[in-house]
Amino acid sequence: MRLALLTIPATGHVNPTLDLAAELVRRGHQVTYVVPEPYGWAARLTGAGHVAYDSTLVPAPAETPPGPEFAAWLPFVLLEETKHVLPQLVPLMTSLPPDVLVFDRTTYVTARALVDIVGCQSVELFPSFAYNEHFDIAGDLERATILNPGHDAYRQLSDGYAGLAKEWGTTAVTVEEFAVGRADRAVVAIPREFQPAGGTFPASYVFAGPALRTRHAPKPSAQRRGVYAALGTSFTQRADTFRAIARAIETTGRPGLLAVGDLAPDQVPPSTEAVRVVREADQLAELASAEVFVTHAGMGSVQEALALGVPMVCLPQTTEQHAVAARVAELGLGVALGDAPSPAEVGAAIDQVSGDEQVRARVDEWAWLLESLDAGALGADAVQDALAASVAD
């Protein structure tokens with residue numbers, strides 16, 4: 001098969017594709033990453049080909065995430081991205097059309113147009129929670145805007161999709177389809193057990209778990225010690241939060257490693273005897289030996305922690321991170337705190353999850369579950385099934 005793998009320039013969206021791409025290449029398929037140049041490393045790592053495109057989506061660290069208006073604003077950003085990307089990708093796709101297009105959930109509108117134009121099969125990839133009529137994380141403002149047919153934002157977005165379809169001769173995406181990423185076949189980068197309302201998704205939605213084998217995740221250490229803390233790669237200009245974490249770790253009497261990413265140089269807390277502060281860390285290696293993980297509750301980080309058996313203290317900011325943190329707490333795998341917790345609150349949470357034998361037992365069960373999942377094989381089977389079904393039809 002010829003397969004195109006379309007995703008966006010963001011680590012949390014590229015990492016979940018790695019085992020899938022590597023396994024498809026191992027099975028003898030011709031796989032091509034369609035991703036901006038800075039993420040060409042994924043193709044080199046997995047043995048796939050690479051086609052780069054220019055994107056309007058340029059991640060930049062920020063102090064705080066967008067407010068509730070983000071729910072109404074993001075679909076328009078992604079529509080503009082589609083308008084920017086399609087003229088680049090249509091000539092490439094039509095000159096050597098893939099048999100199957102595997103596409104990231106955020107590229108939904110672009111992918112739907114490409115599938116119509118090229119005439120190939122498709123499989124959607126959810127790097128985080130999947131959505132359906134039983135579960136989504138739309139906020140109240142989103143329900144009052146883009147999901148409300150009586151609102152101008154709904155009409156503007158619907159008209160935008162219709163205009164795009166007219167320009168390219170494709171079927172228009174509906175607002176409702178975009179909102180849940182509706183697809184016939186999908187691969188979800190988490191276990192079904194972690195997905196809220198997981199039993200309501202059809203068998204054609206394959207919950208493959210996180211992609212950690214290509215990245216060579218280490219085995220968990222038998223001797224766990226200390227706290228590892230990191231807040232992802234977006235919304236990391238959080239000097240007060242980093243300082244609160246550093247002080248919290250000191251109060252617990254545990255050694256700590258704090259990765260601050262692109263925090264402004266004059267805002268980086270100093271390393272102390274108790275807490276070493278670094279720009280970057282090998283997260284998988286640190287989690288393999290950590291006693292507790294203080295995290296922003298990005299889905300990739302949470303799944304890595306579970307795979308390596310580490311309970312969590314979650315400090316979410318975005319709507320999705322709050323949903324992930326709530327799921328962590330609901331399943332008894334850690335605790336979720338507010339946006340700006342005090343050092344005392346963080347320290348108490350670290351002590352709580354570290355000393356709770358039930359939490360540790362549940363985390364160990366999840367580590368076993370994730371070890372049993374082969375994300376690459378499960379995902380590759382789903383992609384092959386998509387083509388087989390089309391041949392049968």
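Contact means heavy atoms within 4.5 Å. This is a predicted model, in which local features need pLDDT of at least 70, side-chain atom pairs count only at pLDDT 80 or more, and totals for chains, interfaces and linings use all residues. Residues are numbered from 1 along each chain as its sequence is written, and side-chain values use heavy atoms, with hydrogens and water left out.

**Exercise 1.** List the contacts of tyrosine 228, then place this residue in a core.

Step 1. Set aside neighbours within four places in sequence; tyrosine 228 then touches Leu257, Ala259, Ala281, Gln283, Glu286, Leu287, Ala290, Val292, Phe293 and Val294.
Step 2. A nonpolar core is a set of buried Ala, Val, Leu, Ile, Met, Phe, Trp, Tyr and Cys residues joined through side-chain atoms within 4.5 Å. Buried means under 20% relative accessible area (1.4 Å probe, protein chains only).
Step 3. The largest such core has 47 residues, and Tyr228 is among those with the most contacts inside it.
Step 4. Another core, of 34 residues, lies apart from it and includes Leu78 and Phe103.

**Exercise 2.** Give the strand order of the open sheet and find its edges.

Step 1. Strands are DSSP runs (E, at least two residues), numbered from the N terminus. Two of them pair if DSSP finds at least two bridges between them.
Step 2. The order is 10-9-8-11-12-13, with parallel pairing.
Step 3. Strand 10 (275-278) and strand 13 (334-336) each have a single partner strand, so one side of each lacks a neighbour in the sheet.

**Exercise 3.** Describe how strand 8 pairs with strand 11.

Step 1. Residues 227-230 and 292-295 pair in the parallel sense over four bridges.
Step 2. Alanine 230 stands opposite threonine 295.

Terms used:
Buried < 20%, exposed > 50% of the residue type's maximum accessible area, 1.4 Å probe, protein only.
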